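Work through the exercises below with the sequence and the coordinates open beside you. Try each task before reading its solution.

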Amino acid sequence: MSVFFAHLRTGAAAVVAASALAGAAQAQTVATPDVVAAAVASSGGIDFANAKPMPMPTVSKEFAASAAGFAAAAAVGAPGFERGGGGNGALAPVRLAPALNLTSKAAANAGVSPQEFGTNNHPYTTARVNAVGNVTANYYPFRAAGKLFFKIGTSSYVCSAALIKPGLLATAAHCVSNFGKSQFYTGFTYVPAYSNGAAPYGSYTGRQARVLTSYFKGTDSCATKGVVCQNDVAVIALNPTSNVYPGTRTGWFGYGWNGYGFTNSGIALITQLGYPVALDSGALMERTDSQGVTTSSASNNTVIGSLQTGGSSGGPWVVNLGVAPVLNGTSFGSEGNNNVIVGSTSWGYTSTLPKEQGASAYTTTNIVALVNAQCAATPQVC
């Protein structure tokens, strides 16, 4: 499940937003400098138990035979980042759907698993976030990621997403808007740390979704039109539940741009989080660790090895995941800030054999522009 962003250019940055306003009978348009906000009527209830994975945009063309074969991406500006926060950890449990019977292979075979790789020879490790006997997803930073439910017409779909402010999500544009169709989806509901039908920190409805105009209108620069694009990035402002935004409880990730966390060769160690429906039926959060490589031949997207599939769209790609240690006699390396998102799962291959996925790189002209526009419109979520 994934959504794409439109291309946002330096200067007159064009951003499109859709507000999910309950009871709004007709779309309205509100214009501010370089921003257009469209009010969208909310659609009925979400079917949490039977929501389908948002079809992940797929390509049949393989962009490289191996990770070492990628062409380096052009520089887009000085790297930067904004720090996240840990939250207070207060639970607000809600049962959204019946729990599935998931037999734990990990419990029977506890230990270290070897890395896998597909036909593109890109090594990765994909496994449940939860450790044996422990709901790891309920701890920061994992609990700042979650499952995103929404409606397309009368059908319920799922993607993945993550908090980057107390009440602001980062996800894929294709989980929010139909590329080139000037259409937003509706009924957004975010469940942080979703766990087999349970919402340990409650659920939160969407207030406003925002993408770039180029994605919305279909003029974004794409290696494969509507699939492998420069700006498959979106943000969603949330409503509080009982006057509390989710990040107050769960914390939120930082976010980085212009290659933050990548070497000069365009390489970074990426941790991908998401809810792919082909793994544990999408009931549990999954984690993938792989070398990310940025390539100009794929619209400057970053590509990782991964076992994840549809439903993982919009999930965070994180550098330096985890709690930083206290150092003695050594120092951190370059760009060592922890829990910084640098992309959101965007696409995979039509064939499952390459075992790779891609993400639009976060830049000043997509994620920074979108966050700035949304925080100006709804400062309370930031």
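**Exercise 1.** Classify the exposure of Cys 222 and that of Cys 229, and then describe the bond that Cys 222 and Cys 229 form.

*Solution.* Step one: Cys 222 has a relative accessible area of 21% and is therefore partly exposed, given that buried means under 20%, exposed over 50%, and partly exposed in between, with a 1.4 Å probe and protein chains only. Step two: Cys 229, with a relative accessible area of 0%, is buried. Step three: the sulfur atoms of Cys 222 and Cys 229 are 2.1 Å apart and form a disulfide, a term that stands for a pair of cysteine sulfur atoms within 2.5 Å. Step four: the angle about the S-S bond is 100 degrees, and the link of Cys 222 and Cys 229 is right-handed.

Before going on, note that this is a predicted model, in which local features need pLDDT of at least 70 and side-chain atom pairs count only at pLDDT 80 or more, while totals for chains, interfaces and linings use all residues. Residues are numbered from 1 along each chain as its sequence is written, and side-chain values use heavy atoms, with hydrogens and water left out.

**Exercise 2.** Which atoms does the side chain of Ser 360 reach?

*Solution.* Step one: Ser 360 lies in strand S26, residues 356-361, where strands are DSSP runs (E, at least two residues) numbered from the N terminus. Step two: at 1% relative accessibility, Ser 360 counts as buried. Step three: a polar atom of the Ser 360 side chain lies 2.8 Å from the backbone oxygen of Cys 229, and the side chain of Ser 360 also reaches the backbone nitrogen of Asp 232 at 2.9 Å.

**Exercise 3.** How many disulfides does the structure hold, and which pattern do they follow?

*Solution.* Step one: there are three disulfides, and their pattern is 1-2, 3-4, 5-6 when the bonded cysteines are counted along the chain. Step two: one of them links Cys 159 and Cys 175, with sulfur atoms 2.2 Å apart. Because Cys 159 lies in strand S10 (residues 155-165) and Cys 175 in the loop between strand S11 (168-171) and strand S12 (177-178), this pair ties together parts that are 16 residues apart in sequence. Step three: another disulfide joins Cys 375 to Cys 382, with an S to S distance of 1.9 Å; its torsion about the S-S bond is about -90 degrees, so the disulfide is left-handed. Step four: Cys 375 is buried, with a relative accessible area of 18%, whereas Cys 382 is partly exposed at 31%.

Key
Helix = DSSP H or I, 4+ residues; strand = E, 2+ residues; numbered from the N terminus. Polar contact = N/O pair within 3.5 Å; in protein donor to acceptor, adjacent residues only side chain to side chain.
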